[in-house]
Amino acid sequence: MKNYLAVVTLCMVSSMLVNRVAQCVKTRSTYSAKMLGFSWENCGKPDDPAVLKNLALSPDPITIPGDLTASASGSTTVELTTPLAVNVTLEKEVAGFWVKVPCVDEIGSCHYSDVCNLLNQLIPPGQDCPEPLHTYGMPCHCPFKAGVYTLPESGFYLPDMDLPYWLTNGHYKVQGVLGAMEKELGCLKITFAVHSNN
Ligand SMILES: *[C@@H]1O[C@H](CO)[C@@H](O)[C@H](O)[C@H]1NC(C)=O
């Protein structure tokens, strides 16, 4: 259960795999939600080896359940290999202040010691990578070789799903810092707002 929830969080924060929320979030009561005003930026040092170059999601708002179109590209100048740590900071705006959502059941502002391990649990090695990664020959396990990774515009259906209890109306900021051996490799910041009937 612990690992499962970690995977859920990984899915929610991993920008490129936003579509995966649909496949991996299974926690609390089912309800519909709209995600709007999605934006992203790299927040690392200029010489960080891993950067996102493009991430486009449409429509705006994104409705769950509903259709999502996504494209993304990113690059890394170093091989990303195990252990690959990620520190997530999740904040919600409450009465004009940004309040950190704590790490509870491995969801929220959590530290993950090895994302490679989580990927292996989510997608058993030896199995085809999930679509559309498989179609475009993109890897879904460590190590990720140095290079440029591009996901062309792809359509997804976000099914009815259970979302975390804290995902109520409001503005959110998520920052993920990727690192290995005490070195920062990349940093991504995502902001969005949620309108839900939660
Ligand atoms: C994550 O946070 C811990 C504790 O603050 C720190 O020791 C570690 O270096 C951080 N890792 C990354 C990838 O930022």
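Which residues touch the most other members of the largest nonpolar core? In this predicted model, they turn out to be Ala33, Leu68 and Val115, out of a core of 36 residues. Strand β10 chips in the most here, giving five residues to the core. Setting aside neighbours within four places in sequence, Ala33 has contacts with Ile64, Leu163 and Leu167, and also with Val194, His195 and Ser196.

Strand β10, spanning residues 183-196, turns up again in the strand pairing. On one side of the story is β1 (residues 33-42), which pairs with β10 in the antiparallel sense through eight bridges. Within that pairing, Lys34 sits opposite His195 of β10; His195 is also among the contacts of Ala33. Then there is β9, which is likewise antiparallel to β10 and is joined to it by eleven bridges. Here Gln175 has Lys189 in β10 as its bridge partner. The two strands make a hairpin, with just two residues between them. One thing to look for in that turn is Met181, whose phi is positive, at about 50°.

As for the ligand, the residues around it are Ala85, Asn87, His111, Val177, Gly179 and Glu182. Two strands, β5 (85-94) and β9 (170-180), each provide at least two residues of this shell. So much for who is there; sorted by class, the shell comes out as three polar residues, two nonpolar ones and one charged one. Strand β9 thus has a part in both settings: it supplies residues to the ligand shell and forms the hairpin with β10.

Methods:
Residues numbered from 1 in each chain as written. Predicted model: local features only at pLDDT ≥ 70, side-chain atom pairs only at ≥ 80, totals over all residues. Near = placed C-beta within 6 Å. Helix = DSSP H or I, 4+ residues; strand = E, 2+ residues; numbered from the N terminus. Nonpolar A, V, L, I, M, F, W, Y, C, P; charged D, E, K, R; others polar. Pairing = 2+ DSSP bridges. Core = buried A, V, L, I, M, F, W, Y, C linked by C-beta atoms within 7 Å. Buried ≥ 20, exposed ≤ 12 C-beta atoms within 10 Å, placed from the backbone. Contact = placed C-beta atoms within 7 Å.
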